[in-house]
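The following report looks at helices, aromatic pairs and a few loop residues in one protein chain. Please keep the sequence and the coordinates at hand while reading.

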Amino acid sequence: MAHDFSQACNSDEIEKLKEMFTTLPSYSNEGYILSKDLTALCQGMNFDRTPEQLAAYKAYWDNNYGGIITRTEFCIFLTALHNTTSLARVRAEAVVKDDNRFISGNEFRRLLEMLKSHDSRLHGATYEKFVQETGKNPKDKVDIDECVEWVDAQLKV
């Protein structure tokens, strides 16, 4: 039975994920897999994702993590997958490399691409639209809270 993405993953699904990680060809004893195994992981977990969603998720992991998916990061990803606003926050916070709570315009663009594949309500969302609506300088970094608030507002349009 496929997972209902309107709800968070439960503890049994998280445990199954932890076990599945170790069975994938790219599994490392350091607790990660490579993004090339993402499709197999989702299939094994009965996570029905479209080819476009899988490609966007893979690109997100490739562009932000060098194709490395840790078990911990993927579990965090799954706990937020049922709510696009939560997913935006969790993924934006994961991208931040230091404590400043800002992401670059390119990181925001990559985040939006992944979110758009996940939630069709964001189809028209772009970084340029964000800049226009918020009056931000396109060269400035984006505060995570401001990013998430804007994504949330786009979902309500």
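What pLDDT does the chain average? The model is a predicted one, and its chain averages a pLDDT of 83, with 93% of the residues scoring at least 70. Among the elements of the chain, the highest mean pLDDT, 95, belongs to β1, and the lowest, 78, belongs to α4.

**Helices α5 and α6**

Helix α5 covers residues 84–95, and its end C-alpha atoms are 16 Å apart, which agrees with the 16 Å that 12 residues should span at 1.5 Å a residue. The residues T84, T85, L87, A88, R91, A92 and V95 of this helix are buried. Seen down the axis of α5, these buried residues fall within an arc of 155°, and they therefore line one face of the helix. An α-helix has 3.6 residues a turn, so residues three or four places apart point the same way. The partners against which the buried residues of α5 pack are α3 (51–65), α4 (71–80), β3 (102–103), α6 (105–118) and α8 (144–155). At its N-terminal end, α5 is capped by N83, which places a side-chain oxygen 3.0 Å from the backbone nitrogen of T85.

Helix α6, one of the elements packed against by the buried residues of α5, shows agreement in length as well: at 1.5 Å a residue its 14 residues should span 20 Å, and its end C-alpha atoms are 20 Å apart. The buried residues in α6 are G105, E107, F108, L111, L112, M114, L115 and H118.

The loop between α6 and α7 holds D119. With a relative accessible area of 9%, D119 is buried, because the cut-off for a buried residue is under 20%. Not counting residues up to four places away in sequence, D119 touches T84 and L155. The contact with T84 includes a polar one between the two side chains, at 2.6 Å, and T84 is itself among the buried residues of α5.

**Aromatic pairs**

A search of the whole structure finds 10 aromatic pairs. One of them joins F21 and F74, whose ring centres are 6.5 Å apart and whose planes stand at 50°, so the pair is tilted. This pair links distant parts of the chain, since F21 is in helix α1 (residues 11–21) and F74 is in helix α4, 53 residues apart. Both F21 and F74 are buried. Y127 and F130 form another aromatic pair, which is stacked, with 6.1 Å centre to centre and 25° between the planes. These two residues lie in helix α7 (residues 127–134), three residues apart, about one turn of the helix, and both are buried. F21 and F74 also belong to one aromatic cluster, together with Y60, W61 and Y65.

**S35, D62 and their contacts**

Is S35 buried or exposed? At 6% relative accessibility, S35 counts as buried, and its place is in the loop between β1 (32–34) and α2 (38–44). Leaving aside neighbours within four places in sequence, S35 is in contact with K58, W61, D62, G67 and I69; of these, W61 is also a member of the aromatic cluster.

D62 lies in helix α3 and counts as partly exposed, at 28% relative accessibility. With neighbours within four places in sequence left aside, D62 is in contact with S35 and G67. The C-alpha atoms of D62 and K36 are separated by 9.3 Å, although the two residues are 26 residues apart along the chain. The side-chain polar contacts of D62 with S35 and K58 are listed below together with that of D119 with T84.

| Side chain | Partner side chain | Polar contact |
|---|---|---|
| D62 | S35 | 2.4 Å |
| D62 | K58 | 2.7 Å |
| D119 | T84 | 2.6 Å |

**A positive phi**

Finally, N46 has a positive phi of about 60° although it is not a glycine. N46 lies in the loop between α2 and α3, and at 31% relative accessibility N46 counts as partly exposed.

Notes. Residues are numbered from 1 along each chain as its sequence is written. This is a predicted model: local features need pLDDT of at least 70, side-chain atom pairs count only at pLDDT 80 or more; totals for chains, interfaces and linings use all residues. Side-chain values use heavy atoms; hydrogens and water are left out. Helices (H or I, at least four residues) and strands (E, at least two) are DSSP runs, numbered from the N terminus. The expected span of a helix is 1.5 Å times one less than its number of residues. Buried means under 20% relative accessible area, exposed over 50%, partly exposed in between (1.4 Å probe, protein chains only). The arc is that of the directions from the helix axis to the C-beta atoms. Contact means heavy atoms within 4.5 Å. A polar contact is a pair of N or O atoms within 3.5 Å; within protein, one must be able to donate a hydrogen and the other to accept it, and residues adjacent in sequence count only if both atoms are side-chain atoms. Rings of Phe, Tyr and Trp (its six-membered ring) pair if their centres lie within 6.5 Å; planes under 30 degrees apart count as stacked, over 60 as edge-to-face and the rest as tilted. pLDDT is the predictor's confidence in each residue, from 0 to 100.
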